[in-house]
Amino acid sequence: LSKRYLENEKESLERLRTRESNSKEQIRELSQSWRSRKSRLDTFEKITELMRDYNLSIVSQGGTESMTVSSYMRDLFEMMNEQAAQEPVEFWPVEVKGAFFDVLKFLTDVNTVAKSIIPVSITMKPDPENKTQKMWTIVFVI
């Protein structure tokens with residue numbers, strides 16, 4: 001009986017090692033595709049589509065001059081870019097107009113659905129034309 005238990009444990013351990021090895025390979029592949037140009041285009045399209053679905057109006061995209069990102073984040077992604085200079089990580093600010101709960105739902109779903117889209121900063125200012133909506137600047141890393 002003990003010998004059978006030992007054999008079962010050995011088989012279980014081997015299956016675990018195989019799964020771990022496969023998972024590491026998948027993580028490697030995902031991290032490489034996340035940084036590819038094709039993936040970035042897909043990311044832009046996915047973000048734009050999601051924003052429309054959540055009643056958010058895109059006011060502007062790009063334009064890093066008004067972007068608010070901590071120096072820690074800038075330094076972190078600069079170090080990443082030194083390691084993979086051919087596929088640099090970029091900040092992508094998007095200015096949208098929308099209600100608080102629409103932005104909240106959007107960011108919640110981005111967190112659960114779109115793993116290659118990483119929001120690193122968000123700022124809000126009131127919209128003088130519409131009291132229920134605000135102007136949001138969301139900075140993504142892609």
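A trainee and a mentor talk through a predicted model of one protein chain.

Trainee: In what order do the helices and strands of the protein chain run from the N terminus on?

Mentor: Start with the inventory. The protein chain has 4 helices and 4 strands. Read from the N terminus on, the order is α-α-β-α-β-α-β-β.

Trainee: Which strands are the edge strands of the sheet?

Mentor: The 4 strands form an open sheet with antiparallel pairing. Their order is 1-2-4-3. An edge strand pairs on one side only, and that holds for strand 1 (57–61) and strand 3 (118–126).

Trainee: By how many degrees are neighbouring strands of this sheet turned against each other on average?

Mentor: Ignore direction here and take the average over neighbouring strands. The turn comes to 25 degrees.

Trainee: In strand 4, what is the bridge partner of Trp92?

Mentor: Look at strand 2 (residues 91–98) and strand 4 (residues 134–141). They run antiparallel and are joined by 8 bridges. Trp92 is bridged to a residue of strand 4, and that partner is Phe140.

Trainee: At what angle does helix 3 run to strand 2?

Mentor: Helix 3 covers residues 71–83. It lies across strand 2, strand 3 and strand 4. Against strand 2, the angle is about 135 degrees.

Trainee: Is Thr137 buried or exposed?

Mentor: Place Thr137 first: it sits in strand 4. Leaving out residues up to four places away in sequence, Thr137 touches Pro93, Val94, Glu95, Ser121, Ile122 and Thr123. Its relative accessibility is 15%, and the cut-off for buried is under 20%. So Thr137 counts as buried.

Trainee: Where is Asn55, and is it buried or exposed?

Mentor: Asn55 is in the loop between helix 2 (37–53) and strand 1. Its phi is near 60 degrees, a positive value in a residue other than glycine. Most residues other than glycine have a negative phi. At 54% relative accessibility, Asn55 counts as exposed.

Trainee: Which residues do salt bridges join into one network?

Mentor: The structure holds 2 salt bridges. Asp127 bridges to Lys97, with the closest N and O atoms 3.3 Å apart. Glu129 also forms a salt bridge with Lys97, at 4.0 Å between the closest N and O atoms. The bridges share partners, and the network is Lys97, Asp127 and Glu129.

Trainee: How many residues apart in sequence are Glu129 and Lys97?

Mentor: Glu129 lies in the loop between strand 3 and strand 4, while Lys97 lies in strand 2. The pair therefore ties together parts of the chain whose separation in sequence is 32 residues.

Trainee: Is Asp127 buried or exposed?

Mentor: Compare the members of the network one by one. Glu129 is exposed at 70% relative accessibility. Lys97 is partly exposed, at 22%. Asp127 has 6%, so Asp127 counts as buried.

Trainee: How much accessible area do Phe100, Phe101 and Leu104 have together?

Mentor: Take Phe100 to begin with. Phe100 lies in helix 4 (residues 100–113), and it is partly exposed at 47% relative accessible area. With Phe101 and Leu104 it forms a nonpolar surface patch, and together they have about 330 Å².

Trainee: What percentage of the residues of the protein chain count as buried?

Mentor: Look at the outside first. The chain exposes about 9900 Å², with carbon and sulfur atoms supplying 53% of that area. Of the 142 residues, the buried share is 30%.

How values were computed: Residues are numbered from 1 along each chain as its sequence is written. This is a predicted model: local features need pLDDT of at least 70, side-chain atom pairs count only at pLDDT 80 or more; totals for chains, interfaces and linings use all residues. Side-chain values use heavy atoms; hydrogens and water are left out. Patches are made of residues with over 30% relative accessible area and no salt bridge: like charges are joined within 9 Å, nonpolar side chains (Val, Leu, Ile, Met, Phe, Trp, Tyr) within 5 Å. Accessible areas come from the Shrake-Rupley method with a 1.4 Å probe; for residues, only the protein chains shown count as cover. A salt bridge is a side-chain nitrogen of Lys or Arg within 4 Å of a carboxyl oxygen of Asp or Glu. Helices (H or I, at least four residues) and strands (E, at least two) are DSSP runs, numbered from the N terminus. Buried means under 20% relative accessible area, exposed over 50%, partly exposed in between (1.4 Å probe, protein chains only). Two strands pair if DSSP finds at least two bridges between them. Axes are lines fitted to C-alpha atoms, for helices over the stretch in contact, and angles run from 0 to 180 degrees between N-to-C directions. Contact means heavy atoms within 4.5 Å.
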